[in-house]
Amino acid sequence: MNNMSEKNHGSATAKIQASLKKRYAKERRFQWYGRLAVLTGFVFLFILLLDIVSKGYPAFTQHYIKLEINLDAERLGVEANAAEEELYAADYSSAIKSSLRDMFPTVSGRSEKRLLYRLVSIGAEYNLRDLVIKNPQLIGGTSDIWLRAHSEAGSYLKGQVAVAIPESDRRVKDIQVVWLGQLQEEGRVDSRFNTAFFTQGDSREPEMAGIKAALVGSFFTMLVTFCLAFPVGVFAAIYLEEFAPRNRLTDLIEININNLAAVPSIVFGLLGLAVFINFFGLPRSAPLVGGIVLSLMTLPTIIITSRAAIQAVSPSIRQAAMGVGASKLQTVFHHVLPVAMPGIMTGSIIGMAQALGETAPLLMIGMVAFIMDVPGSVTDPSTVLPVQIFLWADSPERGFTEKTSAAIMVLMAFLILMNAIAVILRKRFELK
Amino acid sequence: MQTTTVFLMLIALSVISFYMGRKRSYTVARDRGGAVALHSLPKHYGYMAALWAALPALLILVLWLVFESSVLQRLVLAELPQTTTQMHVSELGLYYNQIVGYALGSIDSLQLDETQINAAEHYKALAASSSNIKALMVFLVAIIGCLLALQRVTPLLRARNHVENIFKWVLFSCSFLAVLTTLGIVLSVLFEAVRFFQVIPITDFLFGLSWSPQMAIRADQVAASGSFGFLPLLAGTLLISTVALFIAVPVGLMSAIYLSEYASRRFRAVTKPALETLAGVPTVVYGFFAAITVAPFIRQVGESLGLTVASESALAAGIVMGIMIIPFVMSLSDDIITAVPDTMREASLGMGATMNETIRKVLLPAALPGIVGGILLAASRAIGETMIVVMAAGLSAKLTANPLEAVTTITVQIVTLLVGDQEFDNPKTLAAFALGLVLFFVTLMLNIIALYVVRKYREQYE
C-alpha cells in the first residue's frame, strides 16, 4: 500500500520534472513575444520618424545661383531714376533671361532656351524686384546677384536625381546637368539655409512655398480654441466636481462628455459646417470657425483632466477655507483652483496639442483653400499647418514631398515642445 | 460700429460698473461705521454691478448677431422687384450673396445688374443702421443694468450670495454645453440626412450595393443618376479597420502584458511614454507616411511575389492605422490587466504555475471582458479615423474582402463629397450628412457597449 502511493508519487514527480523543461521553454518564448511586441512598436516609431526626417531635412536648404545681371534701365523698361512704383512694374524676367543667355551663348532653339530659363526659380524675378527697389543704385550697372534655383535644378544639386535613369524619365535633362556642372565649377552655386520656408506663404512653385501663412493660421485657430475651451472646460469641471447635485441632469451631462470624447473628429466638422457656417452664417475658411469647432472637440479632454486635477486636491484645503468663513465659490476659486492649476494646465496643453494636429474637421469648414497671404485676423481666410501638409502631400511635384516632410518636422517640433511642457508641469505637480 | 469694438466697450462698461458698485457700497456704509457694516465685501457689490451690466447686454449682442443676417436678407429681398423674388431658392441665394459681396466690396460691379446695385446700396444703409442700433441697445441695457444694481446696494443686500448664485449658473451652463454640443451634432446631421432620405429612399441607402454619387447638379447636365448604396463603404471601412486591428491588437496587447508583468519599473517608465508618442503623432502625418512610403513598399513587395496590388491598397492604410492605434490598445489593456487583483496572481503562482501559465490561464480570462471593451473602443477609433484613409485609401467603392485592392470608406466619402463647391439642396452633399449620421451612430453604439463592458468588469473586482 505504502509502496504503491510512493510509486505513484514518484511517477507524478517524474512527470512534472519531465514537463518542466518544456514549460520553462514556453515561459521564455512568451517573454520573447512580449519583447518582440515592444520592439515592433519601437521599430514602427523609428521608421516613421526616420522616413519623415530623411525626406524633410533637404527642404531646409535652398540652392542659389549667382548670375551676372545687367540692370540697364532701358532693358528693364524704366527711366534712369524711376520712382518705386515704376520699378515695381519693371521687366525683371527678361533681364534674368538675357543674363542666362549671355552666360551660355551656345544655347539656341526655343525648347533649349526654355530649359535654360528653368534653372532659376520663376519667382526669382520678384526677389530681384525687391532687391532693386531696396537698392535703386543697382540700375544702370551690372552686378552679381544670387537668385533662387528652380526646384528641379535644386533637387539635382542636392543629389536627389539619379542621372543613370533614362533622360525622358526625369525632369532634369542632360543639358541642364551640363549647365549646372559648369555653374558649379565657376563657383556660381551655393547652398544656404532656406529662410523663405519660414517667411513665405503657400506657392505653386515648390522653391517659393513656405509655411508662414499656415503657421499664423494655426496660431489664430489655437488662440480661438484656447480662449473658448480653457475657461469653459475649467468651469464645467468645477461645476461637475464641486457643485453638481446627484441627479439625472448631472448624469446626462457626464454621459455626454464621455461620449463626445469618442466622437470621430470629422463629425465635429459636419457640426461646424451645418451650424456655424450654414445656420449662423460665419465666414468659411476662417480661424474663428476652425477654433470654435476644435474647442468643442478638445472640451471633453480638458474637462476630464481638469476634473481629475480638482479631485486630487486634498479635502483639508477645502475644509480649512470653509472653516474660516469662505463661501463655496471662494473656496474653489481662491484655494482649490490654484492648487489644481498645474494639473489643469497639463490636461489643457495635451488637449491643445491634439487640436494643433487635427485636420479632418477643418477640411469640412473649408480651410483647404490655397492661401498665399498671411492672415491678419481670425476672420481672414486661412489654412493651418496640418492642412497645409495635407495639401502639399496631394501635390504631385517631387519638390513638394520634401516640403511636406519639412512641414511635418516643424509641426512635430511644436507638438514635442507642448508635450514636454506638459510633462514638466506634471513633474512639478507631483513633487508637491 | 464693429462688433469687436462694441464688445470691448461693453467690457470697459462692466469694469466701470465694478468700480461704481464698490464705491457705492462704501458710500452706503459710511454712516454705519464703514465697510464692516456691509453684509458682503465691497468687491462683491462691484461684481454684482458688473454682472448686471454685462450679462443682459451680452445676451442682446449675441441674439443680434445670430439674427442680424437673416433679418437683413428678408428686408433687402422684400424691396426687390417681383421678377427676382420668383427665382428658385438656390438662385435667389446666389443673387443675394452677390448683393452682399458687392456691398462689402469683395465683388466688382461688372457682374451685377442695376437692381442688385440698388439693393446693395439698400443693404449698406440697413447694415449701417443695424450696427448703430445694436451698439446703442447694448450700451443702453448695460447702463440701465448697472444703475439698477447700484440702486439696490444697501448694507443689508446679500451681494456675495447674489453674485455666487449667478456664477453658479454660469458654471452650470458651461457644463451643459456638452449636452448642447451632442444635441447640435445629432440635429444638424439628422436634419440634412432627413432631407437626403426624401430624395433617396432610406432602404436604397442602407441596403444598396453600389455607390457612385455622380449626379447632375443642374437639370441640364448630363450625368448618370447617382446610386447611393452604403454597403460597399461599410465593407471598405470594416476591411481597413480589421487590418488595423490585426496589427494593433497583438502588438498592443503583448506589449501591455510584457510591460505590466515582466518589465522592470525603470524599463516600463522609459518605454511606455515612448510608445505613447505614437498616439501623439497627428493623423495627417500617418496619412503621408502611408501614401508616400508604405503603399509603394507594399506594392513593390506584392509585385515581386507576383501579386497584383492596387497602389492605394487597403492593406497600406490598414497597417498604418494599426500603428496609430497600438498605443491606444496598449494603455487600455494595461489599465485592465493591472486592475486584476494581485491575489489571483499570487494564488496561481503559489500553485506552481509559471508566469506565462498564470497570464494565459488566470489573468487573461479574468481580464477578457475589459480587453474586449478596449478593442471595441479601438475599433471605433479606426472606423472614425479620417486623414489616413483620405490620403492612402482609394475613392472607388468596391465590395471586396481582398486587402490588396483599393477600397473606400465612409469618412473618405464624407470628405470628398464636402470639400470643394457645395450646394445644399443636392443629394450629393446631403449624402455626406447621411454618412455622418451613420458614422456617429455606429461609433456611439460601439462606445456605449465598450464603456458598459469595461465598467461591469471594473465592478467585478471592486
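**Notebook: two chains, A and B**

I began with a helix pair across the chains: helix H12 (residues 265-279) of chain A packs against H6(B) at an angle of about 70 degrees, with the axes 9 Å apart. The axes are lines fitted to C-alpha atoms, for helices over the stretch in contact, and angles run from 0 to 180 degrees between N-to-C directions. Helices (H or I, at least four residues) and strands (E, at least two) are DSSP runs, numbered from the N terminus. H12(A) is therefore roughly perpendicular to H6(B), the word for angles of 65 to 115 degrees.

I noted which residues make this contact: A:Val267, A:Leu270, A:Leu271, A:Ala274 and A:Val275 from H12(A), and B:Gly184, B:Ile185, B:Ser188, B:Val189 and B:Glu192 from H6(B). Two residues are in contact if their C-beta atoms, placed from the backbone, lie within 7 Å. By class I have 7 nonpolar, 2 polar and 1 charged residues here. Ala, Val, Leu, Ile, Met, Phe, Trp, Tyr, Cys and Pro count as nonpolar, Asp, Glu, Lys and Arg as charged, and the others, Gly among them, as polar.

For the record, the model is predicted: local features need pLDDT of at least 70, side-chain atom pairs count only at pLDDT 80 or more, and totals for chains, interfaces and linings use all residues. Residues are numbered from 1 along each chain as its sequence is written, while chains are lettered from A and ligands numbered from 1 in the order in which they are written.

**The whole interface**

I looked up the full contact, which takes 69 residues from chain B and 67 residues from chain A. On the chain B side, helix H6 (residues 159-199) gives the most, with 20 residues. That side has 44 nonpolar, 21 polar and 4 charged residues.

**The chains**

I found 16 helices and 2 strands in chain B, and 18 helices and 3 strands in chain A. The C-alpha trace of chain B spans about 85 × 75 × 35 Å along its principal axes; for chain A the spans are about 115 × 75 × 40 Å.

Chain B has a radius of gyration of 31 Å, where a compact globule of 462 residues would have one near 23 Å. Chain A has 32 Å, against near 22 Å for a compact globule of 432 residues. The radius is taken over C-alpha atoms, and the globule rule is 2.2 Å times the number of residues to the power 0.38.

In chain B, 43% of the 462 residues count as buried; in chain A, 43% of the 432 residues do. Buried means 20 or more other C-beta atoms within 10 Å of a residue's own, exposed 12 or fewer, and partly exposed in between, with C-beta atoms placed from the backbone.

**Core**

I looked at the largest nonpolar core, which has 194 residues; B:Ala290, B:Ala317 and B:Ala392 are among those with the most contacts inside it. Such a core is a set of buried Ala, Val, Leu, Ile, Met, Phe, Trp, Tyr and Cys residues joined through C-beta atoms within 7 Å. A second, separate core of 29 residues includes A:Ile65, A:Leu76, A:Ala95 and A:Leu128.

**Single residues**

I checked A:Ser285, in the loop between H12 and helix H13 (287-311) of chain A. Its phi is near 60 degrees, a positive value in a residue other than glycine. A:Ser285 counts as buried because it has 22 C-beta neighbours inside 10 Å.

I also checked B:Glu121, in helix H5 (residues 114-152) of chain B. B:Glu121 has 13 C-beta neighbours inside 10 Å, so it counts as partly exposed.

Terms used: Parallel < 35°, antiparallel > 145°, perpendicular 65-115°, else oblique.
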